[in-house]
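Please examine the sequence and the structure shown below. The paragraphs that follow move from the surface to the overall fold and then to the cysteines.

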Amino acid sequence: MPSTSEDKPDFVTPGVVNNSVGWGPISIPEKYRDIPYQPFSKSDNLGQITDWTGNLLQERRYKYNHQQFGTGQHYSYFHDEDESTFQLVDTSKPQRSLYQRSRARYQNRRNQRPTQRVQDPKTGRMTVIPRYNNMRRNNWNNRGHDNKSQVKLKSSVEVRKDWELQVEIEFSQISKLHLSYPEKDIVNLVECGTLEYYDKRYDRITTKAERPLAMTNRLFHYVSTTDDPIVRELAKEGHVFATDSILATIMTCPRSYYSWDIIIQRVGSRLFLDKRDDSDFDLLTVNETANELPASDGGSNSLNKLSLEATYINQNFSQQCLKRDTKAFKRPNPFVNDDDDNEPSSVAYRYRKFPLLGPGEPYTLICRSEIDAVTTTANGEEQLMNIKALNEWDLKAGASEWRQKLDTQRGDILTTEMKNNKCKLAKWTVSSILAGSDLLKFGYVTRSMPRSSGESIGHSILGTQQFYPKQFAAQISLDMNNAWGILRVIVDKCMALKDGKYVLYKEPSKGILRIYKVPLNTFEEDNEESDEEEGK
């Protein structure tokens, strides 16, 4: 049966709006007109839809400033207008909690603190200030971390007007340098001197069985690079010549805080790193990297006296803990004269050749290194050793902290020394590595209270500790690749200069190295004047 038009469903053609400008609707329907709309993109990250943790409700102080209708400025709504029209009808005094009442009493006592009348130096008027402010200011000024800025450190050398600044290097520029070094290329050129064997009985010293530090009248030589006769013999073997102490000072310079200086002589293609004759370069530093520095002058604990004491202790301890058995090298000590009244100290000198590699021209370094003693292992093998001493000088209330903790908490004491003497320990470690020493021996020495008599010089040995130099370098965060990189940069800077005399200068308490060009007769006049005074 054929269908009629009444049986077919009706289809109403929807209205189509033509947008001739772009795409999308050209008008807003009435039912969507008052709904806020915020533009979005498909690439936007979805945040939280709602917060079920209740953190927003905990912030009662700002609870009326939170957005109530989503994220974005389109949904922002604040109740500022509603709150401004609200008035409290009940005028009775509200009850405060116990916490609020206690806080109010504390505030009243603080406001009633005694005051102090002080005259203003500019106007001459008397003003009233609370004493609490002065107490708080004084307590802040007396804090330990402000001690470094209060101590006035002396410069190692006076920078004269005729000195010309050539190079300036900040520690931040060299602290991240890296230069890998092949140890197989090191060559021992000359070995001379006589070593004594270490007395292993000193390894059994404890705080309960301490031993007094005795005075040893031995002769120690601190000869500069250019005055070394063997360095003159090896002048054709390399390009850079220096001692291990000078190289260690340069390679660990980012750790230094005190001032020091090194003389640099550029002669043709050769570079000689030297020290001044009247300088304190060979004196040991004390608490150089500590939060509280020793006083710069006055008293038995001043910087200068502490440096002399530490150097004196180090010399005596390194000779006291030795036996009289000797090991002689092929060549004798080049600095011993027949006219010397005192016996020379136990020391051997190694003149070693190091290739200084890098991105530029390769150089050869000749280094004179020192070794203090020799020891034997259980298998009968000989090992070379450097011996150093750590000393305790700050006895709190007349009591030694090392005597109480060294046997049971030696690691804590060593950690404190690593913090307070970070630069000195790094220098000792670098010098041992440059010398090729197998062991690095530390002695713990403290002051004797009361002062001992006889051979004792007022100090006692409380114990010893032994390390391998390379392992100890890792323990104190000493990167030898960075140390070689620093040395290479300094050598490159000096090789770029013209022939002449220069001074590498480290300012006190500043992380800056400066290279000055100085006249050729600099420091020679001072030496002549000192010689004339000694002759008189």
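**Surface, fold and cysteines**

On the surface of this model, Ile28, Tyr32 and Ile35 form a nonpolar patch, and together these residues have about 320 Å² of accessible area. The model is predicted. Within the patch, Ile28 lies in the segment before α1, the helix that spans 55–58. Ile28 has a relative accessibility of 49% and therefore counts as partly exposed, since the exposed class begins over 50%.

The patch belongs to a protein with 15 helices and 19 strands. Of its 536 residues, 39% are buried. The accessible area that the protein exposes comes to about 34,000 Å², and carbon and sulfur atoms supply 48% of that area. Contacts along the chain can also be considered by sequence separation: among those in the protein with a separation of 6 or more, 74% are between residues 24 or more positions apart.

The cysteines can be considered next. How many disulfides does the count give? The count is 0 disulfides. The case of Cys253 shows the reasoning: a disulfide requires two cysteine sulfur atoms within 2.5 Å, whereas the cysteine sulfur closest to that of Cys253 belongs to Cys423 and is 8.8 Å away, so the distance is too far for a bond.

Are Cys253 and Cys367 buried or exposed? Cys253 has 0% relative accessibility and therefore counts as buried. Cys367, at 1% relative accessibility, counts as buried because this value is under 20%.

Conventions: Residues are numbered from 1 along each chain as its sequence is written. This is a predicted model: local features need pLDDT of at least 70, side-chain atom pairs count only at pLDDT 80 or more; totals for chains, interfaces and linings use all residues. Side-chain values use heavy atoms; hydrogens and water are left out. Buried means under 20% relative accessible area, exposed over 50%, partly exposed in between (1.4 Å probe, protein chains only). Patches are made of residues with over 30% relative accessible area and no salt bridge: like charges are joined within 9 Å, nonpolar side chains (Val, Leu, Ile, Met, Phe, Trp, Tyr) within 5 Å. Accessible areas come from the Shrake-Rupley method with a 1.4 Å probe; for residues, only the protein chains shown count as cover. A salt bridge is a side-chain nitrogen of Lys or Arg within 4 Å of a carboxyl oxygen of Asp or Glu. Helices (H or I, at least four residues) and strands (E, at least two) are DSSP runs, numbered from the N terminus. Contact means heavy atoms within 4.5 Å.
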